[in-house]
Amino acid sequence: LSEQKISLDIFNEKIEKFAVKNIHTSRSENYLNKWINRPRNVKKFPPMSSALKIAYDNKDKNDMIAENFLAGFMIKGNDFLNQNSTALLSGPYASHAGHSITEENFEKALIIHTVRRLPKATWINDRDQFMQPTKKLSREFICDAVIWSLFSNSNNTAAISNVEYEGKIYQIQNNFYPFKVEEIIEWKCTDAEIREKIFLAQIRNEDRFAAKYLSEQKFSDEAKEILKAAKIIYKRYYENLNRLDKGKFKITTWDAGYYQIRMSLAEKNLSVEEIIMPMKNLSEKLLPQIYELGFLQDEVILL
């Protein structure tokens, strides 16, 4: 199929023409979902349908992960129609519309996550395709996308202990925990069991992948503001652990996921508002770059 460009008029409810939409047909090999390496799955692991739910009875079951697995990437389709089917999980996404995130594809996975989740879906762009970048990505863009993904509401990673699946017991750790143990050990923690696990994690040198990755990067001012706000929220979480519903949110380990932290705090009306404006600022910075770099084509011209 040759590439084509089609222009269509857009009308409002009063049958008034207010814009023109350009539709570009592109070869599927240039789609964004073809940009990332999908490593071969080689071992069994509990499949997840949401942050905390194990998909025991899913018919389209995907319960395999790659070597050096960090997280599961739910990524369905390649258009805005499937935008909500884009998320990060701590196990393999329950159906086959997902794959493993490893150290090798970590940056590309989180870039794709950002590119698919950040732009707003509308009835006009519903079937627009996400494309591979046409320009070289700067380190600043890459690191900004990683930070945006780690602290977005579609980061559903979590840490869950003693998950029984098909006759075996699994420990699901949160490889996307963003702070080093040497830092959090200095924070106030009101749960004696979790506090003890933090000390053990320091002795065992159990820093998670994201914490080590972030410690090696240089960040933009916008990304630094998000990390600053996140630190306030994480400290608030540990300070209030004795008040939170740990059973409901399956909190048993020191490396709780961002989903567990923000949801357990919100249930007790404990604010996470510090991160709202920094995330908004980074979003406004990243959005035009998504178009400039070729991930999306600016196809609507307002009259």
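Helix α6 (residues 221-239) and helix α7 (residues 258-267) cross at roughly 65 degrees, and their axes come within 10 Å. This is a predicted model, where local features need pLDDT of at least 70, side-chain atom pairs count only at pLDDT 80 or more, and totals for chains, interfaces and linings use all residues. Residues are numbered from 1 along each chain as its sequence is written, and side-chain values use heavy atoms, without hydrogens and water.

**Helix packing**

Helices (H or I, at least four residues) and strands (E, at least two) are DSSP runs, numbered from the N terminus. Axes are lines fitted to C-alpha atoms, for helices over the stretch in contact, and angles run from 0 to 180 degrees between N-to-C directions. Angles under 35 degrees count as roughly parallel, over 145 as roughly antiparallel, 65 to 115 as roughly perpendicular and the rest as oblique.

On that scale, α6 and α7 are therefore roughly perpendicular to each other. Their crossing is left-handed, a term for a near helix turned anticlockwise from the far one by less than a right angle (clockwise is right-handed). From α6, the contact takes Ile233, Tyr234, Arg236 and Tyr237; from α7 come Tyr258, Ile261, Ser264 and Leu265. Contact means heavy atoms within 4.5 Å. These residues divide into 6 nonpolar, 1 polar and 1 charged. Nonpolar covers Ala, Val, Leu, Ile, Met, Phe, Trp, Tyr, Cys and Pro; charged covers Asp, Glu, Lys and Arg; the others, Gly among them, are polar.

Helix α8 (residues 276-292) packs with helix α2 (residues 139-150). Their axes come within 11 Å and cross at roughly 135 degrees. The two helices are therefore oblique to each other. The crossing of α2 and α8 is left-handed. On the α2 side stand Glu140, Phe141, Asp144, Ala145, Ile147 and Trp148; they meet Met279, Leu282, Ser283, Lys285, Leu286 and Gln289 of α8.

α8 also packs with α6, at an angle of about 155 degrees and with the axes 9 Å apart. α6 and α8 are therefore roughly antiparallel to each other. The crossing of α6 and α8 is left-handed. Here Glu222, Glu225, Ile226 and Ala229 of α6 meet Pro278, Met279, Leu282 and Lys285 of α8.

The contacts by residue class:

| Contact | Nonpolar | Polar | Charged |
|---|---|---|---|
| α6 with α7 | 6 residues | 1 residue | 1 residue |
| α2 with α8 | 7 residues | 2 residues | 3 residues |
| α6 with α8 | 5 residues | no residues | 3 residues |

**Strands**

An open sheet of 3 strands has the order β6-β5-β7, and the pairing is antiparallel. Two strands pair if DSSP finds at least two bridges between them. β6 (86-89) and β7 (98-101) stand at the edges with a single partner strand each, so one side of each is left without a neighbour in the sheet. On average, neighbouring strands of this sheet are turned by 20 degrees against each other, direction ignored. Strand β5 (residues 71-75) pairs with β7 over 4 bridges. There, Ala71 stands opposite Ile101 in β7. Helix α1 (residues 106-117) lies across β5, β6 and β7 and runs at about 140 degrees to β6.

Strand β8 (residues 160-165) and strand β9 (residues 168-172) run antiparallel, joined by 4 bridges. Ile160 stands opposite Ile172 in β9. Glu164 has Ile169 of β9 as its bridge partner. The two strands form a hairpin with 2 residues between them. In the turn, Glu166 has a positive phi of about 50 degrees.

**Aromatic pairs**

The whole structure holds 18 aromatic pairs. Rings of Phe, Tyr and Trp (its six-membered ring) pair if their centres lie within 6.5 Å; planes under 30 degrees apart count as stacked, over 60 as edge-to-face and the rest as tilted. Tyr177 and Trp254 have ring centres 5.3 Å apart and planes at 70 degrees, so the pair is edge-to-face. Tyr177 lies in the loop between β9 and α3 (181-184) and Trp254 in the loop between α6 and α7, so the pair ties together parts that are 77 residues apart in sequence.
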